[in-house]
Amino acid sequence: MLIAGFPAGAWGTNCYVVAPAAGEECVIIDPGHQATQGVEETLKKHRLKPVAVVLTHGHIDHVASVVPVCGAHDVPAWIHPEDRYMMSDPEKALGRSIGMPLMGELTIGEPDDVRELTDGAGLKLAGLDFTVAHAPGHTKGSVTFRMPEQSDIPSVFFSGDLLFAGSIGRTDLPGGSHAEMLESLARVCLPLDDSTVVLSGHGPQTTIGRERATNPYLREVAAGLGEGTAAPRRGM
């Protein structure tokens, strides 16, 4: 399996390109702010053909390049229905101005083909299997994507802004909820095997086992305490 990731834009949001191997079809995850060039360079380097864009949530730092990427390759974008409005109205999603001088040129709106994700859905795209889990807390429509273990390759978990190395996503923006975040961590993350590789929306790669042992939020959820400690959070 081939997974190529790179941080993009003002917030260093991780965009991932996933394929069975070089020279095959691929899926693009979270092409956010200023991700278009990185996507095209990755596709060219590995000779890949996109078949879909999938989105962990609707914040502008994760979706800003969806329209140009989908348009250039004539592919659909998948997003949870509760976050779909954010593609057309990013400022409403943040509760404040996104700051156009910082953001630069943006193509606000939806691509031509938008499809909606549901909890527990199984997506088979580019010969790859993804299981969708609805994981509200950062936004109402946040989701994660899990790929199953394959021979000697551990399961891969694209956590979006639910779980980071050492922290979790912020919950103070419109649609955020600390209580829902804790519930999502308990329901979605804790049942995963320790060997599961976590590829987050921001920051470095980690594993469920490492986070179970060291992440203050996941540890306290596991202990049933219900409150996270003050580790720094990432994301918009």
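Modeller: Let's start with one pair of strands: E7 and strand E8, residues 128-134, run antiparallel and share four bridges. Keep in mind as we go that this is a predicted model.

Biologist: Happy to. What holds strands side by side in a sheet in general?

Modeller: Backbone hydrogen bonds do that job, and the strands they join can be parallel or antiparallel.

Biologist: Which residues of E8 do Leu123 and Lys124 stand opposite?

Modeller: Leu123 faces Phe130 in E8, and Lys124 faces Asp129 in E8. The link between E7 and E8 is a hairpin with two residues in between. One residue in that turn, Ala126, has a positive phi of about 55°.

Biologist: And how does E8 pair with E9?

Modeller: That pairing is antiparallel too, over four bridges. As an example, His134 has Val143 in E9 as its bridge partner.

Biologist: In what order do the strands of the sheet come?

Modeller: The sheet is open and has six strands, ordered E7-E8-E9-E10-E13-E14, with mixed pairing. Strand E7 (122-125) and strand E14 (206-207) each have a single partner strand, so one side of each has no neighbour in the sheet. Helix H6, residues 178-189, packs on the sheet and touches E8, strand E9 (143-147) and strand E10 (156-160). The direction of H6 makes about 145° with that of E8.

Biologist: Is E8 mostly covered or mostly uncovered?

Modeller: Mostly covered: five of its seven residues are buried.

Biologist: Now a single residue. Where does Thr56 lie?

Modeller: Thr56 sits in the loop between strand E4 (49-54) and helix H2 (60-63).

Biologist: Why is Thr56 classed as buried?

Modeller: The cut-off for buried is under 20% relative accessible area. Thr56 has 2%, so it counts as buried.

Biologist: Which side chains make polar contacts with the side chain of Thr56?

Modeller: One is Asp30, whose side chain is joined to that of Thr56 by a polar contact of 2.7 Å. Another is His57, side chain to side chain, at 3.1 Å. Setting aside neighbours within four places in sequence, the contacts of Thr56 include Ile29, His62, Gly141, Ser142, Val143, Phe145 and Gly160. Val143 is a residue we have met already, as the partner of His134.

Biologist: Last thing: what is the mean pLDDT of the chain, and where does pLDDT stay under 50?

Modeller: The mean is 90, and 89% of the residues reach 70 or more. Residues 226-231 are a stretch where pLDDT stays under 50. For that stretch the model has 16 contacts beyond four places in sequence.

Technical notes. Residues numbered from 1 in each chain as written. Predicted model: local features only at pLDDT ≥ 70, side-chain atom pairs only at ≥ 80, totals over all residues. Heavy atoms only, no water. Pairing = 2+ DSSP bridges. Contact = heavy atoms within 4.5 Å. Axes fitted to C-alpha atoms, helices over the stretch in contact; angles between N-to-C directions. pLDDT = per-residue confidence, 0-100. Buried < 20%, exposed > 50% of the residue type's maximum accessible area, 1.4 Å probe, protein only. Polar contact = N/O pair within 3.5 Å; in protein donor to acceptor, adjacent residues only side chain to side chain.
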